[in-house]
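Trainee: Could you take me on a close look at one part of this model, the helix packing, and tell me how the helices meet? I would like one connected walk-through, please.

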Amino acid sequence: PDVEVPENPEVGFWGMQRRKYLLEHQPALYTALFLGGKLTTHLEEIDRVASKMYDRLVEQLKQRDGITEELKVLNQTEWVQCMNTIRKEAETVVMGELIYE
């Protein structure tokens with residue numbers, strides 16, 4: 001088939017994770033999306049939705065755990081540790097619900 005690859009798709013971290021997952025675990029779906037000309041659109045949509053979900057989860061988890069700017073000022077090391085844990089938890093949820101679906 002005469003298929004052209006888009007030069008610069010607007011795909012960020014989450015879209016690239018989805019692409020990697022499809023290539024490794026669902027090659028038939030990846031091929032169907034690619035040949036149908038829908039891969040870039042799919043990856044851009046996943047990236048957009050996942051980014052919003054991740055940001056929302058981080059904010060919710062910060063509230064749940066009481067992580068504030070005051071803590072950041074008072075104990076930066078503890079704040080960084082808490083934020084790293086929150087970010088990892090949010091990433092795990094997004095990967096499970098959107099990327100690996």
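Mentor: Happy to. Let's start on Lys20, a residue of helix H1. In this predicted model, Lys20 has a relative accessible area of 44%, so Lys20 counts as partly exposed. To place Lys20 against another part of the chain, take Val58: the two residues are 38 apart along the chain, and their C-alpha atoms are separated by 24 Å.

Now to the packing around H1. Two packed helices are described by the angle between their axes and the distance between those axes, and that is how I will go through each pair.

Begin with H1 and helix H2, which spans residues 27-35. Their axes come within 5 Å, with a crossing angle of roughly 120°. H1 and H2 are therefore oblique to each other; the perpendicular class runs from 65 to 115 degrees. On the H1 side the contact uses Arg18, Arg19, Leu22, Leu23 and His25, while H2 brings Pro27, Leu29, Tyr30 and Leu33. Sorted by class, this contact holds six nonpolar residues, one polar residue and two charged ones.

H1, residues 13-25, also meets helix H5, residues 76-99. Here the axes come within 11 Å and the crossing angle is roughly 55°. That angle makes H1 oblique to H5, and the crossing is right-handed. From H1, the contact is made by Phe13, Trp14, Gln17, Arg18 and Tyr21; from H5, by Glu91, Val94, Met95, Leu98 and Ile99. The classes here are seven nonpolar, one polar and two charged. Notice Arg18: this residue is listed in the contact of H1 with H5 and also in the contact of H1 with H2.

Next, follow H5 over to helix H3, which covers residues 39-65. The axes of H3 and H5 come within 9 Å and cross at roughly 140°. What does that angle make H3 relative to H5? The answer is oblique, because the roughly antiparallel class takes only angles over 145 degrees. H3 passes H5 in a right-handed crossing.

The list of contact residues for this pair is worth tracing on your screen. H3 supplies Ile46, Val49, Ala50, Met53, Tyr54, Leu57, Val58, Leu61, Lys62, Arg64 and Asp65. H5 answers with Met83, Ile86, Arg87, Glu89, Ala90, Glu91, Val93, Val94, Glu97, Leu98 and Ile99. By class, the residues of this contact divide into 15 nonpolar, no polar and seven charged. Val58, our reference point for Lys20, is one of the H3 residues in this contact. Glu91, Val94, Leu98 and Ile99 of H5 appear here and also in the contact with H1.

Two other residues of H5 are useful for getting your bearings. Thr85 lies in H5 and counts as exposed, at 51% relative accessibility. Thr85 and Leu57 are 28 residues apart in sequence, and 12 Å apart in space from C-alpha to C-alpha. Leu57 itself is among the H3 residues that meet H5. Val80 is also found in H5, and with 34% relative accessibility Val80 counts as partly exposed. Val80 and Arg48 are 32 residues apart along the chain, with 26 Å between their C-alpha atoms.

Let's step back to the whole chain. The protein chain has five helices and zero strands, so to speak an α-α-α-α-α pattern when read along the sequence. Its radius of gyration is 18 Å, well over the 13 Å that the globule rule gives for 101 residues, so the chain is more spread out than a compact globule. Along the principal axes, the C-alpha atoms fill a box of roughly 60 × 25 × 20 Å. Buried residues make up 30% of the 101 residues. As for contacts between residues at least 6 apart in sequence, 75% of them join residues at least 24 apart. The contact of H3 with H5 gives you a concrete place to look, with residues including Leu57 and Val58 on the H3 side and Met83 and Ile86 on the H5 side.

Technical notes: Residues numbered from 1 in each chain as written. Predicted model: local features only at pLDDT ≥ 70, side-chain atom pairs only at ≥ 80, totals over all residues. Heavy atoms only, no water. Axes fitted to C-alpha atoms, helices over the stretch in contact; angles between N-to-C directions. Helix = DSSP H or I, 4+ residues; strand = E, 2+ residues; numbered from the N terminus. Parallel < 35°, antiparallel > 145°, perpendicular 65-115°, else oblique. Left-handed = near helix turned anticlockwise from the far one by under 90°. Contact = heavy atoms within 4.5 Å. Nonpolar A, V, L, I, M, F, W, Y, C, P; charged D, E, K, R; others polar. Rg over C-alpha atoms; globule rule 2.2 N^0.38 Å. Buried < 20%, exposed > 50% of the residue type's maximum accessible area, 1.4 Å probe, protein only.
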